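Q: I am new to this structure and would like a close look at one part of it. Could you take me slowly through one helix and then through the parts that surround it?

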Amino acid sequence: MPRPVRGALIQATTCEPTTSPTAKIKQAMIDKHVAMIEEAASKGAQVCCLQEIFYGPYFCAEQETKWYELTERIPDGPTTKLMQELAKKHRMVMVVPMYEEDLTGVYYNTAAVIDADGEYLGKFRKIHIPHCAPGFWEKFYFKPGNLGYPVFDTAVGKVGVYICYDRHFPDGARCLGLNGAEIVFNPSATVAGLSEYLWKLEQPAHAVANQYFVGAINRPGWEEPWRIGEFYGQSYFVDPRGQFIASSEKRDEDDIVIADMDLDLIREVRNTWQFFRDRRPETYGAITEL
């Protein structure tokens, strides 16, 4: 029998100047996303993922301690609690990327996963942290993730998360597949010129290699005053064959991408391409030795 799941991806422009107080920026972005989550729910979405650190700009374009003010505890912070209420209200699984405070001065780029009944299931912390031009100074803000590659058993199926720069590393994408992921969400903030040519290559390749669905979200538009590049949007879903099943054509505007996924397709594809059967991990030692 088919296992249909309707998913939603939300890409959203910043709606408050970056010169405003951080608390004002955060609240404005949360308010905007609450309305967009409502819209996604009205379209029948059963699972919804927001963009990387959804409640702020991509502040890693500079190195300023004021952005530490955006951190909060997960799951005890107010944003997780709010998203738990929304998940329960809309009967919708939520993947919510935030800036997490673990200990004072120890911060992670994290996504909370919340079930459709509002239960907090756990979190993924971004594993690979870039620090490179033209303005991805993330080691100033984030400690590398230390929770591995968890997969969460949700009302819609088994959900995994990979955040932005992680997508350049196929090893973690494979771990998510081996851990049972059926849908992997990749919330991102990536700009044209640097990696746009990879945007529609890497995640479909992960979907094919691991035979699961992928939902890839990217920020849209330019963010002032940094202008490190155009966050070009174009969020999309791909199926286990790497085929695009829904995508946004919007580069600089808000958008909600809706896709219907049949999770039974995973079994069909794996029964055709036996990648997990035929893999030879005993020959891959060089991956961890070097």
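A: What follows starts with helix 3 and moves outward to neighbouring loops, salt bridges and another helix. The model is a predicted one, and the values below are computed from it.

Helix 3 runs over residues 170–178, and within it Gly172, Ala173, Leu176 and Gly177 are buried. These four residues cover an arc of only 150° around the axis, which puts them on the same side of helix 3. The buried residues of helix 3 pack against several elements, namely strand 8, strand 9 (157–161), strand 10 (183–188), helix 4 (196–210), helix 5 (264–272) and helix 6 (275–278). Just after helix 3 comes glycine 180, which takes a positive phi of about 105°.

On the other side of helix 3 in sequence is a loop that leads from strand 9, and arginine 167 lies in that loop, while glutamate 202 lies in helix 4, so the salt bridge between them ties together parts that are 35 residues apart in sequence. The closest N and O atoms of glutamate 202 and arginine 167 are 3.7 Å apart. Arginine 167 has a relative accessibility of 2% and therefore counts as buried, and glutamate 202, with a relative accessible area of 15%, is buried too.

Strand 8, one of the elements that helix 3 packs against, covers residues 151–154, and the loop between strand 7 (136–137) and strand 8 holds glycine 148. Because its relative accessibility is 28%, glycine 148 counts as partly exposed. Leaving aside residues up to four places away in sequence, glycine 148 touches Phe124 and Ile127. Its C-alpha atom is separated by 9.1 Å from that of lysine 126, a residue 22 places away along the chain.

Lysine 126 has a salt bridge of its own, made with the side chain of glutamate 138 at 2.8 Å, N to O. That pair links distant parts of the chain, since glutamate 138 is in the loop between strand 7 and strand 8, whereas lysine 126 is in the loop between strand 5 (120–125) and strand 6 (131–132), 12 residues apart. Both glutamate 138 and lysine 126 are buried.

These two pairs belong to a wider set, as a search of the whole structure finds 23 salt bridges. Elsewhere, Glu100, Asp102, Lys123 and Arg125 are linked in a network of salt bridges. The side chains of lysine 24 and glutamate 16 also meet in a salt bridge, at 3.6 Å from N to O; here lysine 24 is partly exposed, with a relative accessible area of 48%, while glutamate 16, at 16% relative accessibility, counts as buried.

Helix 1 offers another view of how a helix is packed. Helix 1 has 21 residues (22–42), which at 1.5 Å a residue should span 30 Å, and its end C-alpha atoms are 30 Å apart, which agrees. Its buried residues include Ile25, Met29, Ile30, Met36 and Ile37, and also Lys26, Lys32 and His33. The buried residues of helix 1 pack against strand 1 (4–11), helix 2 (78–90), strand 3 (93–103) and strand 16 (255–262). Helix 1 is followed by glycine 44, whose phi is positive, near 90°.

For a wider frame, an unreviewed UniProt entry places the feature "domain: CN hydrolase" at residues 5–263. Over residues 5–263 the chain is 22% helix and 31% strand, and the end C-alpha atoms are 7 Å apart.

Definitions and conventions
Residues are numbered from 1 along each chain as its sequence is written. This is a predicted model: local features need pLDDT of at least 70, side-chain atom pairs count only at pLDDT 80 or more; totals for chains, interfaces and linings use all residues. Side-chain values use heavy atoms; hydrogens and water are left out. Helices (H or I, at least four residues) and strands (E, at least two) are DSSP runs, numbered from the N terminus. Buried means under 20% relative accessible area, exposed over 50%, partly exposed in between (1.4 Å probe, protein chains only). Contact means heavy atoms within 4.5 Å. The arc is that of the directions from the helix axis to the C-beta atoms. UniProt positions are given in the numbering used here, feature names are shortened, and annotations may be inferred rather than shown by experiment. A salt bridge is a side-chain nitrogen of Lys or Arg within 4 Å of a carboxyl oxygen of Asp or Glu. The expected span of a helix is 1.5 Å times one less than its number of residues.
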